[in-house]
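Please open the model in your viewer and keep the selection tool at hand, since this tour moves from one selection to the next.

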Amino acid sequence: MAASRPSRYPPDRGCERLSVEAYIIDAVRTAGGKRDGALKDWHPVAMGAAVLDALVARTGIDPAAIDDVIAGCVSQVGEQSFHVARNLVLASSLPDSVPAVTIDRQCGSSQQSIHFAAQAVMSGTQDMVIAAGVESMTRVPMGTPVVLPMQAGIGTGPWPPSILKRYGVSDFSQFRGAEMMAAKYGLSRDDLDCFALDSHRKAASATQAGAFDAEIVPLAVNGHDHRNDEGIRYDASLEGLGGLRTLSPEGVITAGNASQICDGASGVLVANERAVKEHGLTPLARIDHLTVTAGDPVIMLEEPIPATRRALQRAGRSLDDIDLYEVNEAFASVPLAWLRQFDADPARLNVHGGAIALGHPLGASGAKLMATLVHALRRHGKRFGLQTMCEGGGIANVTIVEALH
């Protein structure tokens, strides 16, 4: 009879020691790479593994003590197929005893990774979990999982006739949703272009001031460290943005007031109080609240508004309690509508710029925004931050965090 394998866990890991808090120990991201830009030769698995290694190196934790890796990825095909989260572990310094799981909640995938990690450590069933995300939109172009089977003559797409009939559409389009948002909330082309220009200016200023230094994991490119986000247009102007063609003839959405295609990876180490004490860790922030909601899949991108309302209500807070907001700039119409609905302070929104300037690497964006939010709170001496993402299918995540200075 084979000998039993020794347990990785201490014998006193019992229910009487459950934790009710989840802490962010560190949060990092790669600098964003433009399509066919600096990161085009980086395999997405190698890129994501570099983030895992950075979290281990920066915190000094024993990698074998990590209970799980939860990684978000949207286009799970080609180099991002065959369980990309597990491959991140195998390509990293983590031992192969660390499990992993890949999830897809569209643009909010790695924000949901943070939620799942927090729920795991708060329950006490796990103590330390890495929530991560990766997307190489150069090497695995957006839409590839839908297009490849159809090109091979297999199937007709992700939506059966019953869904299309139910919602009276021929397909579901985020571009259409962005236009619907602009129309519903009375947003003009000038409104969107001014917001886009502001995103570039804030990102440029943050870069020049070194605001991203604490969160960026450098990747080697042609013998040099890639540290700066490639998408920032330092010479952006309203005239230049105004000269771009709209995506639809009568619309207001252009490539200039929408998020940029981007290559990148991100990661957040989440731990409970037991792990913080046992490993002598110093948290950057405490996770205060988690919410996810769903609504209309046609307009789709509007869901951060009701999701934020629900999050604040359940957290027992008002927006006045929140010092900084990160609302993903999938399209300028999304954060602008969010601002108007809450009569929120624009000076607190995406203070270091957003996806219009910095890029939106789909499955990596949730943890990427969290890295920026947590470090921005600490840099500016602020306490509470709120992050929300619009997601395909009409879903939205909201995370509230409290910086620990």
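Select Phe175 to begin, and bear in mind that this is a predicted model. Phe175 is partly exposed, with a relative accessible area of 44%, and its place is in helix H6, which covers residues 174-184. Now add Met142 and Leu247 to the selection, and you will have a nonpolar patch on the surface, in which these two residues and Phe175 together have about 320 Å² of accessible area.

Next, show helix H7 (residues 189-208) together with helix H11 (residues 333-342), whose axes come within 10 Å and cross at roughly 100°. That angle makes H7 roughly perpendicular to H11. To see where the two helices meet, select Asp191, Leu192 and Phe195 on the H7 side, and Ser333, Pro335, Leu336 and Arg340 on the H11 side.

Stay in helix H7 and select Lys202 and Asp198, which form a salt bridge with their closest N and O atoms 3.8 Å apart. These two residues are four apart in helix H7, so about one helical turn separates them. Lys202 is buried, with a relative accessible area of 17%, whereas Asp198 is partly exposed at 36%.

For another salt bridge within a helix, go to helix H9 (residues 273-278), where Lys277 and Glu273 are likewise four residues apart and thus separated by about one helical turn. The closest N and O atoms of this pair are 3.2 Å apart. Here Lys277 counts as exposed, at 62% relative accessibility, while Glu273, at 35%, counts as partly exposed.

Which residue meets the side chain of Asp229 in a salt bridge? Select Arg29 and you will find the partner, with a distance of 2.8 Å from N to O. Because Asp229 lies in the loop between strand E8 (224-226) and helix H8 (238-242), and Arg29 lies in strand E1 (residues 23-30), the pair ties together parts that are 200 residues apart in sequence. Asp229 is buried, with a relative accessible area of 4%, and Arg29 is buried as well, with a value of 0%.

For the last stop, select Glu21, Arg286, Asp288, Arg317, Arg383 and Glu402, which are linked in a network of salt bridges. If you then wish to look for further pairs on your own, the count for the model comes to 19 salt bridges, taking a side-chain nitrogen of Lys or Arg within 4 Å of a carboxyl oxygen of Asp or Glu as the rule.

Conventions: Residues are numbered from 1 along each chain as its sequence is written. This is a predicted model: local features need pLDDT of at least 70, side-chain atom pairs count only at pLDDT 80 or more; totals for chains, interfaces and linings use all residues. Side-chain values use heavy atoms; hydrogens and water are left out. Patches are made of residues with over 30% relative accessible area and no salt bridge: like charges are joined within 9 Å, nonpolar side chains (Val, Leu, Ile, Met, Phe, Trp, Tyr) within 5 Å. Accessible areas come from the Shrake-Rupley method with a 1.4 Å probe; for residues, only the protein chains shown count as cover. Buried means under 20% relative accessible area, exposed over 50%, partly exposed in between (1.4 Å probe, protein chains only). Axes are lines fitted to C-alpha atoms, for helices over the stretch in contact, and angles run from 0 to 180 degrees between N-to-C directions. Angles under 35 degrees count as roughly parallel, over 145 as roughly antiparallel, 65 to 115 as roughly perpendicular and the rest as oblique. Contact means heavy atoms within 4.5 Å.
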